[in-house]
Amino acid sequence: MDKSKFKPYIAFIFLCIAYGTSSALVSIIRKTVDPIVLSCVRFFFGLVTSIFVFTINIIKDNNYMRHIRQSLSSQSINVPKAMLCGIINYGFPYSLIAISQRSVSSIAVQISQPLVSVFSLLASHILLSNEKCTAKKLFYQLLSVFGTILTSIPTLKFSESKNAVFMFDYFLLFLSTVSFGFGTVYVKYSQSKPDQTALCMFQLLGAFIYSFVYGVYCFGLNQFIFYLAQIDRSALFLIIILGIFYTCLTSITFLYVLRELGVVVSNYTNVGQIIIGILVGVVFLNEWSNYSIFDIVLSITGLIVLFVSIIFGIQNENKINSNDELTPFVQNL
């Protein structure tokens with residue numbers, strides 16, 4: 001048995017766990033730090049970490065820098081497009097979500113996550129020759145949306161959010177899911193032979209520049225710097241963890257999963273994170289304590305539907321990939 005075949009799926013599970021638990025960490029930090037400021041600092045430490053990993057690779061491998069120079073000169077790593085990927089994948093959608101949450105609850109944001117996979121599937125049908133949308137693929141994606149709705153109905157009943165609902169903010173949330181979905185496909189479309197660490201570094205550079213400019217636009221330079229200086233040590237420590245492990249490491253891991261398993265499967269992490277998030281809430285936060293038996297049954301049914309959509313969706317992709325020739329991205333990454 002080839003153990004290397006299981007590595008992408010181990011990485012997939014890691015991403016589900018990381019994405020599923022990151023929201024809890026972000027919610028803690030947001031109590032004292034503005035979300036726009038949080039995004040900027042998060043991307044900064046993610047960028048610094050990626051530069052550190054990149055430097056380690058140079059020290060460990062004498063040929064690594066030569067490989068990177070060749071990749072840059074041949075445009076197999078396209079820096080402007082890689083930075084644009086970072087804006088589309090991180091900076092732009094995070095800023096939209098930050099605005100939308102003035103009236104949109106975090107529960108609604110959670111419900112929207114499976115839509116990322118749907119939009120990614122549609123984008124891959126247009127841009128990628130070997131990842132076309134089929135009836136089966138679309139069915140499993142919509143099944144995950146249905147499962148998410150089931151798990152969210154009881155949570156919506158007990159939500160403490162009293163904010164008014166603005167259609168414009170929901171439109172911004174919708175745009176963020178489109179950006180996330182298209183961004184994943186654009187990475188694979190625009191980067192033919194990328195090095196994972198270098199691509200991650202350039203993406204986070206683009207995300208950081210965007211988030212900084214956006215922060216200055218929202219608050220003004222002096223006020224934005226003032227907010228940065230007001231971050232206390234405990235919050236800063238958590239943001240550093242968020243930048244290192246939940247931004248840089250997950251970005252590199254996601255590129256690996258994207259390379260090995262393709263766009264559709266990699267985006268199932270958006271579904272897996274919901275399962276992990278709910279389990280964390282039940283086990284550690286006792287979120288089902290006020291649920292009726294019907295609510296619990298509804299939530300469990302939703303979790304089962306989500307799990308089934310992931311398992312059968314991945315199996316369907318494996319059957320397709322076993323019959324199709326791999327793209328240059330997969331062959332040469």
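This is a short tour of the helices in the structure above, stop by stop.

Before you start clicking, note that this is a predicted model, where local features need pLDDT of at least 70, side-chain atom pairs count only at pLDDT 80 or more, and totals for chains, interfaces and linings use all residues. Residues are numbered from 1 along each chain as its sequence is written, and side-chain values use heavy atoms, with hydrogens and water left out.

**The whole chain**

Start with a cartoon view of everything. You'll see 13 helices and zero strands; helices (H or I, at least four residues) and strands (E, at least two) are DSSP runs, numbered from the N terminus. Read from the N terminus, the order is α-α-α-α-α-α-α-α-α-α-α-α-α. Of the 333 residues, 50% are buried, where buried means under 20% relative accessible area, exposed over 50%, and partly exposed in between (1.4 Å probe, protein chains only). Now for contacts, meaning heavy atoms within 4.5 Å. Among those between residues at least 6 apart in sequence, 89% join residues at least 24 apart.

**Select 79-100 and 196-219**

These are helix α4 and helix α8, which pack at an angle of about 45° with their axes 7 Å apart. Axes here are lines fitted to C-alpha atoms, for helices over the stretch in contact, and angles run from 0 to 180 degrees between N-to-C directions. That angle makes α4 oblique to α8: under 35 degrees counts as roughly parallel, over 145 as roughly antiparallel, 65 to 115 as roughly perpendicular and the rest as oblique. The crossing of α4 and α8 is right-handed (left-handed if the near helix is turned anticlockwise from the far one by less than a right angle, right-handed if clockwise). Show sticks for the contact: on the α4 side it includes Ala82, Met83, Cys85, Tyr90 and Phe92, and on the α8 side Leu199, Phe202, Leu205, Ile209 and Tyr214 are among the residues. By class, this contact of α4 with α8 has 15 nonpolar, six polar and no charged residues. For that tally, Ala, Val, Leu, Ile, Met, Phe, Trp, Tyr, Cys and Pro are nonpolar, Asp, Glu, Lys and Arg are charged, and the others, Gly among them, are polar.

While you're there, click Cys85: it counts as buried because its relative accessibility is 0%. Don't go hunting for disulfides, though, as the structure holds zero of them (a disulfide is a pair of cysteine sulfur atoms within 2.5 Å). Cys248 is in none, and the nearest cysteine sulfur, that of Cys200, is 4.3 Å away. Cys248 has 2% relative accessibility, so it counts as buried.

**Stay on α8: Thr197**

Next, pick Thr197 in helix α8. With 9% relative accessibility, Thr197 counts as buried. Leave out residues up to four places away in sequence, and Thr197 touches Ser50, Val53, Phe54, Asn57, Tyr64 and Ile252.

**Add 221-229**

That's helix α9, packed with α8 at about 115°, the axes again given as 7 Å apart. So α8 is roughly perpendicular to α9, and the crossing of α8 and α9 is right-handed. Colour Phe212, Gly215, Val216 and Phe219 of α8, then Leu221, Gln223, Phe224 and Tyr227 of α9, and you have the contact. By class, the contact of α8 with α9 has six nonpolar, two polar and no charged residues.

**Step back to Gln191**

Gln191 is in the loop between α7 (167-190) and α8. Gln191 counts as buried because its relative accessibility is 0%. Draw a distance from its C-alpha to that of Asn78: the two are 113 residues apart along the chain and separated by 6.5 Å.

**Select 35-60 alongside α4**

Helix α2 packs with α4 at about 160°, with the axes 9 Å apart. That makes α2 roughly antiparallel to α4, and the crossing of α2 and α4 is right-handed. Pro35, Ile36, Ser39, Arg42 and Phe43 in α2 meet Tyr90, Gly91, Tyr94 and Ala98 in α4. The class count for α2 with α4 is six nonpolar, two polar and one charged.

**Last stop: Pro114**

Find Pro114 in helix α5 (residues 106-127). Buried or exposed? Pro114 has 0% relative accessibility, so it counts as buried. Hide its neighbours within four places in sequence, and Pro114 is in contact with Ser144, Val145, Thr148 and Ile274. Gln273 is 159 residues from Pro114 in sequence and 10.0 Å away in space, C-alpha to C-alpha.
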